[in-house]
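Hi everyone, thanks for coming. Let's take a look at this one together, so have the picture open.

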Amino acid sequence: MDFNLKKRARHDVKVEVISLEAKYPHNVMLYHYPPTEDIHIDEFEDLALERLRLLRVFDRATTKGLRIFSDDWKEYVNAEMTKDGLRGYLRMGMPSSGTKHEADVQMRRRDYLSHFILRLAYCRSEDLQRWFVAREMEFFKYKFAALSTAEIKMFLDANNFQIHPLTEEQKDEVKDGLYESTVGQSVSKIELLEFYKVPFTQVLDLVRTRRCYIKAGFAYVNTHDMVSIVGAKQLEEIELGMQAAKAFIADVEADERIARMIKSLHNSYTGKDYTVCRDESVPIESLDQLSKTSMPLCMRMCHEHIRSQHHIKHGGRMQYGLFLKGIGVTLEDSLRFWREEFTKKMDVDKFTRSYEYNIYHNYGKKGSMVNYTPYSCLKIIKEMAAPGDCHGCPYKTMDPTSLKAKLSAYGLSAGGIDEVMHFVSRNHYQFACGKYFMLTHNSTVEPTINHPNKYFEESQILMGNRQKRAPGPAPANNKLRTAIKGGANRSMLTGDDDDELWRIAETQEKVYQSQKGIAEAFDDDLDLTEIIE
């Protein structure tokens, strides 16, 4: 018997390494093939939040009623991208310089990956899908509008559109129709433009607005209007991709880290972090004056409620207390402010037992030792205020008659009140707040209000009391702190983080949340310190 082992034929497996430039060759891509590369969970979250900031820029431009691609629209979008630290996306919407940069290729990668990440978050309902598709199409057209004639040809060839520009002979045959149908261009410029012959059914939006010449069932579209054709293809790709994402979203959500993030993404705050005010200090003696000059309506009403009633329910204390911390009120001053007001209705011992712990906790000095973040506009708008509460967004919670009376009492003219109510009636509460800012500060520029502390900061800058800082996104620092915080989740922790630390913090947070629920239910009249300790 022959026991000699026979060697098997060896086949070397060749792994094809594709460069980023080959994967993402152009600024404008159709998002057809899902990405296959592996990315870290931290980058997953960063890309998602960055993309959300981008889409919200286009959403604000739409809400302001700016006509897409108008000069005002472009100026607003470009300014907002710069302010939000989205210069990479801004460059994607600028004409190409012809010089290749590694940063541009990396930006194309971020663009491509982040689009598919947000599909997971926005395939969950029809309302979310409509919002996402509309904003993505605006960004797609924004990028496409920056392409040169040569780049448009490359794009059409790369994506197999099978349409080609007319030859000079073909163009001469229909030149009279082209002259009459091309709006806003002189005859000499029309002669320089390239035109494409396509079935009119592919450009119904151009037909409807009479922006193309039609003959024998074909439309003649110039280079600038090719976005209608490619946009229809991109829309089809996104809508089909959203249906595919919806089909396997249950498998994706099996990973708890991803599930929590994508479920809460649409309501995530993506602006500046106001957790700690390091540069300014606000004495509590100035709060009465600041409430009239620099506080948004939601915080001014909380302040006035405290001054008149010498008490405020738990929701109002959280909303206003964290706001005060964010504008620069120290822990010591905060304790003194609440003690002085509340002890006008109760003795000092009761205040110490029932309320002092909560103040220490918000400043990160008790319990889970987390420095809590002031509420954003999105969170405040979502708050459900009950009778007797003063927190929440007044533009949403107050009936129109009471709101008008309040605005009048604060000095707004009848015309100014109508301007604010115009946005309120359309549920654009943040724009109503921005209009209120303009009217009360005699400003010609309407700020983008997405956080009460931003309102305060912009007011102080306009009044010359603070210096304007360089624009940019919220810093992604101290993710462990954010993850432990009650409103966030464990998905922001890396694999190297200490599980024991997480369990301790989570246990402490559950205790505090239980304490908070009891406080809300009984209007805070229990000795909660004993419950915790």
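Okay, so which residues gather in a patch of negative charge on the surface? They're E168, E169, D172, E173 and E191. Before we go on, keep in mind that this is a predicted model.

Now, which helix gives the most to that patch? That's helix α8, running over residues 168-173, and α8 puts in four residues. E191 sits in another stretch of the chain, helix α10, residues 187-192. How exposed is E191? Its relative accessible area is 46%, and since exposed means over 50%, E191 counts as partly exposed.

Right, let's move to the backbone. Here's a bit of background: most residues other than glycine have a negative phi. With that in mind, find Q162 in the loop between α7 (149-158) and α8. So that loop leads us up to α8, the helix we just met in the negative patch. Q162 isn't a glycine, yet its phi is positive, near 55°. Is Q162 buried or exposed? Exposed, because its relative accessibility is 63% and the cut-off is over 50%.

There's another residue to show you, N427. Where is it? Look in the loop between α24 (414-424) and α25 (429-441). N427 isn't a glycine either, and its phi is positive too, about 65°. With 52% relative accessibility, N427 also counts as exposed.

So, to wrap up: we've got a negative patch on the surface, with helix α8 giving the most to it, and two loop residues with positive phi, Q162 and N427. Okay, over to you!

Key:
Residues numbered from 1 in each chain as written. Predicted model: local features only at pLDDT ≥ 70, side-chain atom pairs only at ≥ 80, totals over all residues. Heavy atoms only, no water. Patch = residues over 30% accessible without salt bridge, like charges linked within 9 Å, V, L, I, M, F, W, Y side chains within 5 Å. Areas by Shrake-Rupley, 256 points an atom, 1.4 Å probe, with all protein chains shown as cover. Salt bridge = Lys/Arg side-chain N within 4 Å of Asp/Glu carboxyl O. Lys, Arg positive; Asp, Glu negative; His and termini not counted. Charge placed at Lys NZ, Arg CZ, Asp CG, Glu CD. Helix = DSSP H or I, 4+ residues; strand = E, 2+ residues; numbered from the N terminus. Buried < 20%, exposed > 50% of the residue type's maximum accessible area, 1.4 Å probe, protein only.
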